[in-house]
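Got the model open in your viewer? Keep a selection box handy and follow along, stop by stop.

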Protein chains: 2
Amino acid sequence: MDVLLCGDLSEAEWCMWRDALCEAMPDTRWLGLQEARLRPQAVLAAVVDNPDPGCLQGWPSLRLIQSLWAGVDRLLADASLPADVPLARMVDPSMTRAMQQTALWAVLALHRDFFGYARQQAARQWLARPQLRAEEVPVLVLGAGVMGSAVAEVLRGHAYPVVSWRSAEDPAALERALARARIVVNLLALTPRTRGLIDARFLAALPAGAGVVNLARGAHVVEADLLAALDSGRLAHAVLDVFGTEPLPTGHAFWHHPRVTVLPHVAARTDVRGAATVVAENLRRLQAGEALLHLVDRARGY
Amino acid sequence: MDVLLCGDLSEAEWCMWRDALCEAMPDTRWLGLQEARLRPQAVLAAVVDNPDPGCLQGWPSLRLIQSLWAGVDRLLADASLPADVPLARMVDPSMTRAMQQTALWAVLALHRDFFGYARQQAARQWLARPQLRAEEVPVLVLGAGVMGSAVAEVLRGHAYPVVSWRSAEDPAALERALARARIVVNLLALTPRTRGLIDARFLAALPAGAGVVNLARGAHVVEADLLAALDSGRLAHAVLDVFGTEPLPTGHAFWHHPRVTVLPHVAARTDVRGAATVVAENLRRLQAGEALLHLVDRARGY
């Protein structure tokens, strides 16, 4: 089988993926965009990492587009994406565990005020802060998909009282949950319904001193509203892995804000070996005519 | 029963403890040092938080000294401590959970390089670092007492390969364990055997790029050796909750070292309600003539 492998990849990254995929599927030919264009009718599937818009047009035999990322909002924004080809997103246990680690680290740091201690260290201040029990720190997890559920589970395992909210629920349920949350962790998919959800009204519904962790998409947050809530002291701290513009522009206020932790979109990077195994399984299913895994509902957006 | 409550406590802290202890044991009279000295023969037990040396002399009826802290090295350093009175240390599940949280936070941060990302943020640098799986990050836990065992257990639950070392084991076993460890977490008791354990030789036995987490006692570490290992780049980062001198002196190099995280001895603060329950149970056992809990072996030092 000929498979197109393309996207926002350096040559070294492309080779790394090709090697990992070859190991997982030795009988498949992995082609770059230029090579594949020489005989487009042979390409049965495309494995893609944020490809440029238009890349996925003109493949008459294409029967599967497999993303190497969990979030497919960028792919779906490409109007030229063939509407009749099944689209699968990456659901990889290694990636899910990486997300659990990042979320747990951020929640522990907010709960035990380790970001506050880092500020104290910069000021050479030796001062103990109140120590709450996990049972006293309610956490609201936005999103109940693969990532959201896995994060809620690991937090519950550490005794945090966790409430999960899905975007299909009504806004009144969200307001009630916000009023009780000390920490919010966002793991929603980006859809028209969730874009800009974390705005001034959302933040005003949180109790004073709450923390926000955004591990989903930058466009979920109205950045000016988040900055205002931090500057007013209402919000204690924000841990942000994703931004409206990535890389985060050098002049952006988030970089040097004392109550913002900036991560360069690394909460859960695709794990090459884990992802190659997932891709191999879906391509095997494609060849065998079995049901494909992790298909995206394009109307829903994830 | 009259019980002495004393130590390194402000008036507000003394009252907080007295209130919590009163709630746990309503029939007990809790006396400060001055009040208790008026009728020393009535004092059957002392509940202490790092008391000044000499405080525990001159109580003819004393049958239990109950520390509010897990580590009793400061108490044992008091030559005037009555040799024939049982000494109990604090073993409180809330405190153990707080220690698990701090250790897990530090290990997650070292594993996923969140301290490195904080340095990048200060330099406004957007750069992904390698993402290892927990299975690829061996952790060496020094100490296998209540705290060490609990920390090893929670780290194993997150898939870290954990090796535990107790001070009774031979140094060759330690050198072998160090050679394989990517992160070391110290939870040893401070004894003549463990004082100064983390020295140049210890640090040289670790692979390059390792991290050290000290949640036990400052005197376990030869601070100059640790600084040298950090400055040479051999050690990637140190998370230090305890120091040779506390509070850490303003001029100390740890405060502003980019590869040192300073915490003001807060990894596991005594949880007032949890500890009051533990004290109440031990005092009940004292009155009932039952076996006391958490007694210190003074020869061993913990």
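Start with the contacts in chain A (contact means heavy atoms within 4.5 Å): among those between residues at least 6 apart in sequence, 63% join residues at least 24 apart. What you're looking at is a predicted model, where local features need pLDDT of at least 70 and side-chain atom pairs count only at pLDDT 80 or more, while totals for chains, interfaces and linings use all residues. As for bookkeeping, residues are numbered from 1 along each chain as its sequence is written, chains are lettered from A and ligands numbered from 1 in the order in which they are written, and side-chain values use heavy atoms, with hydrogens and water left out.

**Stop 1: all of chain A.** Show it as a cartoon and you should find 10 helices and 11 strands; these are DSSP runs numbered from the N terminus, helices being H or I with at least four residues and strands E with at least two. The radius of gyration is 21 Å, close to the 19 Å that the globule rule gives for 302 residues, so chain A is as compact as a globular protein of that length. (That radius is taken over C-alpha atoms, and the rule is 2.2 Å times the number of residues to the power 0.38.) Along the principal axes, the C-alpha atoms fill a box of roughly 65 × 40 × 35 Å. Colour by burial and 55% of the 302 residues come up buried, meaning under 20% relative accessible area, with exposed over 50% and partly exposed in between (1.4 Å probe, protein chains only).

**Stop 2: L5(A).** Zoom in on strand β1 (residues 2–7) of chain A, where L5(A) is found. Is L5(A) buried or exposed? Buried, with a relative accessible area of 0%. Leaving aside residues up to four places away in sequence, its contacts include W14(A), W17(A), L31(A) and L68(A). Now draw a distance to V48(A): the two residues are 43 apart along the chain, yet their C-alpha atoms are separated by 5.9 Å.

**Stop 3: the sheet in chain B.** Hop over and select the 5 strands of an open, parallel sheet, in the order β2-β1-β3-β4-β5. Its edge strands are β2 (29–31) and β5 (87–88), each pairing on one side only; two strands pair if DSSP finds at least two bridges between them. Between β1(B) and β2(B) there are 3 bridges, and D2(B) stands opposite R29(B).

**Stop 4: helix α10(B).** Add residues 272–288 of chain B. At 1.5 Å a residue, these 17 residues should span 24 Å, and the end C-alpha atoms are 24 Å apart, which agrees; the expected span is 1.5 Å times one less than the number of residues. α10(B) lies across β1, β2, β3, β4 and β5 of chain B, at about 170° to β4(B). (Axes are lines fitted to C-alpha atoms, for helices over the stretch in contact, and angles run from 0 to 180 degrees between N-to-C directions.) Its buried residues include V272(B), V279(B), N282(B) and R285(B). Just after the helix, G289(B) has a positive phi, near 75°.

**Stop 5: helix α5(A).** Select residues 114–122 of chain A; F114(A), F115(A), G116(A), Y117(A), Q120(A) and Q121(A) are buried. They pack against α4, β10 and β11 of chain A, together with α4 and β11 of chain B. R124(A) follows α5(A) with a positive phi, near 50°.

**Last stop: both chains.** Chain B lands on chain A with an RMSD of 0.1 Å after a turn of 180° and a shift of 0.0 Å along the axis, superposed by least squares on the C-alpha atoms of residues with pLDDT of at least 70 in both. The two copies are thus related as by a two-fold rotation axis. To find that axis from chain B, pick W105(B): its C-alpha is the nearest, 2.7 Å away. The same surface serves both copies, with 100% of the contact residues of chain B recurring in chain A.
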